[in-house]
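Here are my notes on the model you sent over. I've kept them short and numbered, so you can follow along with the structure open.

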Amino acid sequence: MSRNLGNFLKAYMEFTTDTESPDSYHFWVGASLISAATRRQVYLDMNYFRIYPNLYVILIGPSGARKSIATAIGMGIAETSGIRKFSDKITGAALIRDLSEASEKRVDDKKGEVELCSPIMIYASELGVFMGPDAYGSGVIADLTDLYDCPNKWEKKTISRDSEMVVAPYVTMLAASTPQTLKDVIPTGAVGQGFTSRILFIWAGGRRKRVPIPNWGVEHERIKRELIHDLGEISKVRGLFKFSSQGLLEYQRNYLSRLEPEDEFEDERLRGYSSRKDIHTLKLAQIMSLSDGDSLTITEKEIEGAVDAIRWLD
């Protein structure tokens, strides 16, 4: 497949250089775009289960940190490249409706079989407005927790007590929130449970610089066109990820040397996140590999990059 950019994430960071949003926001927005573009077409086989590269990312910062600007830049590219977006106020009924409408058929070139998949990208520039204060009690958070692991089938009971089935859902999420709003949406008692351990919270204390009027010129237009093009090319990649020999050794070394969840953080509510860090690492390693090309190979470079990025979150 024809790529115009050497590395999608590097090009995306260059494209957003003249904005006020922090680098960390832009990096994880760029990673979220690749995550959504894959549409459940690539994965890493862990023998007993699969790891797909879907991410749940929430940008956290005070008002004025330019969270919404960072997400809006990314979503403009996502929508132009054809990524299906869910941005209604989320309810269980709306979620299953959009997943059902997103269902698409694919032909497995090797098996000659028709497969179904339901990929959507949840987008919330203001998490509180999107989820509302009843998200936990209504069961929406439980639904998102189930969907994160990309089950082969997801069944949901509706108000009429009938059940609706979604085949092969693939959900990614990109949202933004202030700390206070996050507290309102996710009750303190729910912190540390399944949903929060699956989210990557990207914190920044404020904008990185002041830019009265961002620069925009021919080069920005060129990079934007190529980002859209390459995201489209990434969406065509299908298959199974493999480790290179050094990539596997580096992953094993990192996995076996890291602290046990009960030893890593003093706050026991972070144990769920700690226990899932290997999953987050392998998801991001797949994304970094796709950013670089279509080989579907996880090398030592991707493992090291993913480990560094997750360690920064800590």
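1. Let's start in the sheet: strand β1 (residues 42-45) runs parallel to strand β11 (residues 239-243), and three bridges join the pair. If you want a place to zoom in, V42 sits opposite G239 of β11. Bear in mind that this is a predicted model.

2. Zooming out, β1 and β11 belong to an open sheet of four strands, ordered β2-β1-β11-β12, and the pairing is mixed. At the edges are β2 (50-51) and β12, each of which pairs on one side only. Helix α14 packs on this sheet and touches β1, β2, β11 and β12. The direction of α14 makes about 135° with that of β1.

3. How far can you trust it? The protein chain has a mean pLDDT of 88, with 90% of its residues at 70 or more. Among the elements, strand β12 (residues 297-298) has the highest mean pLDDT, 98, while helix α6 (residues 135-138) has the lowest, 66. I'd read α6 with that value of 66 in mind.

4. On to the interior. The largest nonpolar core has 90 residues, and W28, I122 and L144 have the most contacts inside it. The top contributor is helix α2 (residues 23-37), which gives nine residues to this core. Apart from it lies another core, of six residues, including Y43, C117, C150 and Y170. As a rule, nonpolar side chains in soluble globular proteins tend to be buried together.

5. W28 deserves a click. Leaving aside residues up to four places away in sequence, W28 touches L55, V57, L200, I202, L284, A309, I310, W312 and L313.

6. Is helix α10 buried or exposed along its length? Many positions can be listed as buried: H220, I223, E226, L227, I228, D230, L231, G232, E233 and I234. Note that the list takes in charged residues such as E226, D230 and E233. The cover over the buried residues of α10 includes α1 (8-15), α2, α3 (67-80) and α14 (277-292).

7. A quick geometry check on α10 (residues 218-234): its 17 residues, at 1.5 Å a residue, should span 24 Å, and the end C-alpha atoms are 24 Å apart, so the two agree.

8. Finally, the overall tally. The protein chain comes to 15 helices and 12 strands. Of its 314 residues, 51% count as buried. Taking contacts with a separation of 6 or more, 77% are between residues 24 or more positions apart.

Definitions and conventions: Residues numbered from 1 in each chain as written. Predicted model: local features only at pLDDT ≥ 70, side-chain atom pairs only at ≥ 80, totals over all residues. Heavy atoms only, no water. pLDDT = per-residue confidence, 0-100. Helix = DSSP H or I, 4+ residues; strand = E, 2+ residues; numbered from the N terminus. Core = buried A, V, L, I, M, F, W, Y, C linked by side-chain atoms within 4.5 Å. Buried < 20%, exposed > 50% of the residue type's maximum accessible area, 1.4 Å probe, protein only. Contact = heavy atoms within 4.5 Å. Expected span 1.5 Å × (residues − 1). Pairing = 2+ DSSP bridges. Axes fitted to C-alpha atoms, helices over the stretch in contact; angles between N-to-C directions.
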